[in-house]
Amino acid sequence: WNSDVCSSDLPDLSVTGSLNARQVTVSLANATANDFLGILTQGTAAGQINATGNNIYAGAILIGVISGNSLSGTDLTLRIDLQPGCTQAFLTSLLRAVTLFNSNVNPSTASRNVTWTVDDDAGFGFSSASTKVSIVAVNTAPSVITSTEAQLPWAQYTENGSVVTVDSGFSISDVDFNSMNSSFNGGTLRARVYQGTTSDRLSIQ
């Protein structure tokens, strides 16, 4: 996601000139271990936000340094120390380039509560604004794993003989399984014999 919060939403940033020595904090109060905050690199042209390591630039101008980006319990906090080159316009672009990424294939769908805080270096304290990020889950197809001949000899049927198990090493998994969705109820299992004959039959024994 990209922030729709601009610097004018946060008090004490209506000054002109440099915002040097102020600190911006973006925090999630209900983060998970797989949530990550970062900065979207837009490009390196004049005014475009880009990040190299902990340094954040607008074009070639250094505007901020990431001084912290860590998870403590369920609190995920990104801290940025503003530099002499940071103006209100650059800070607006920076706030709009803050990103959230979740690395879990089955993430919690609880909305993330985001707080934006600016500390003033002039002794006037800090000011905050809040927003939310919705998390949309995507259904991932199950994984079907069959045995290879190296793992398990392929089934061999003898004419007029008894039925044989097609693949005793067959397995299936679904990363979407969780405490709320722990079965394949409503799904479909389909087995098909390629290049079969009209006399071939599949069954469950």
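Trainee: Quick one to start: does D35 count as buried or exposed?
Mentor: D35 counts as buried, because its relative accessibility is 2%. Here buried means under 20% relative accessible area, exposed means over 50%, and partly exposed is in between (1.4 Å probe, protein chains only). Keep in mind that this is a predicted model, where local features need pLDDT of at least 70 and side-chain atom pairs count only at pLDDT 80 or more, while totals for chains, interfaces and linings use all residues. Residues are numbered from 1 along each chain as its sequence is written, and side-chain values use heavy atoms, leaving out hydrogens and water.

Trainee: Okay, so which side chain does D35 meet in a salt bridge?
Mentor: That would be R112, with 2.7 Å from N to O. A salt bridge here is a side-chain nitrogen of Lys or Arg within 4 Å of a carboxyl oxygen of Asp or Glu. R112 is buried too, because its relative accessible area is 1%.

Trainee: How many salt bridges turn up in the whole structure?
Mentor: A search of the whole structure finds one. D35 lies in strand β2 (residues 35-39) and R112 in strand β8 (residues 112-119), so the pair ties together parts 77 residues apart in sequence.

Trainee: Let's zoom out. What does the secondary structure of the protein chain come to?
Mentor: One helix and eleven strands. These are DSSP runs numbered from the N terminus: helices are H or I with at least four residues, strands are E with at least two. Along the sequence the pattern reads β-β-β-β-β-β-α-β-β-β-β-β.

Trainee: And what order do the strands take in the open sheet?
Mentor: The seven strands go β3-β4-β5-β6-β1-β8-β9, with antiparallel pairing. β3 (49-52) and β9 (126-133) stand at the edges with a single partner strand each, so one side of each has no neighbour in the sheet. Two strands pair if DSSP finds at least two bridges between them.

Trainee: How many bridges join β3 to β4?
Mentor: Four, and the two strands run antiparallel. T52 stands opposite N55 in β4. Their hairpin has two residues between the strands, and G53 takes a positive phi near 65° there.

Trainee: What about β4 and β5, how many bridges there?
Mentor: Four bridges join β4 (residues 55-58) to β5 (residues 61-72), again antiparallel. A58 has I61 as its bridge partner, and Y57 has L62. In that hairpin, which has two residues between the strands, G59 takes a positive phi near 65°.

Trainee: Which side chains of β4 are buried?
Mentor: I56 and A58, which point to one face; N55 and Y57 point to the other and are not buried. In a regular strand the side chains alternate between the two faces of the sheet.

Trainee: Switching to β1: what does S27 touch?
Mentor: S27 lies in β1 (residues 23-28). Leaving aside residues up to four places away in sequence, S27 touches L76, T77, N113, V114 and T115, where contact means heavy atoms within 4.5 Å. The C-alpha atoms of S27 and L76 are 5.5 Å apart, although 49 residues separate them along the chain.

Trainee: Last thing: how much of the protein chain is buried?
Mentor: Buried residues make up 30% of the 205 residues. L189, by contrast, counts as exposed, because its relative accessibility is 71%. You'll find L189 in the segment after β11 (171-173).
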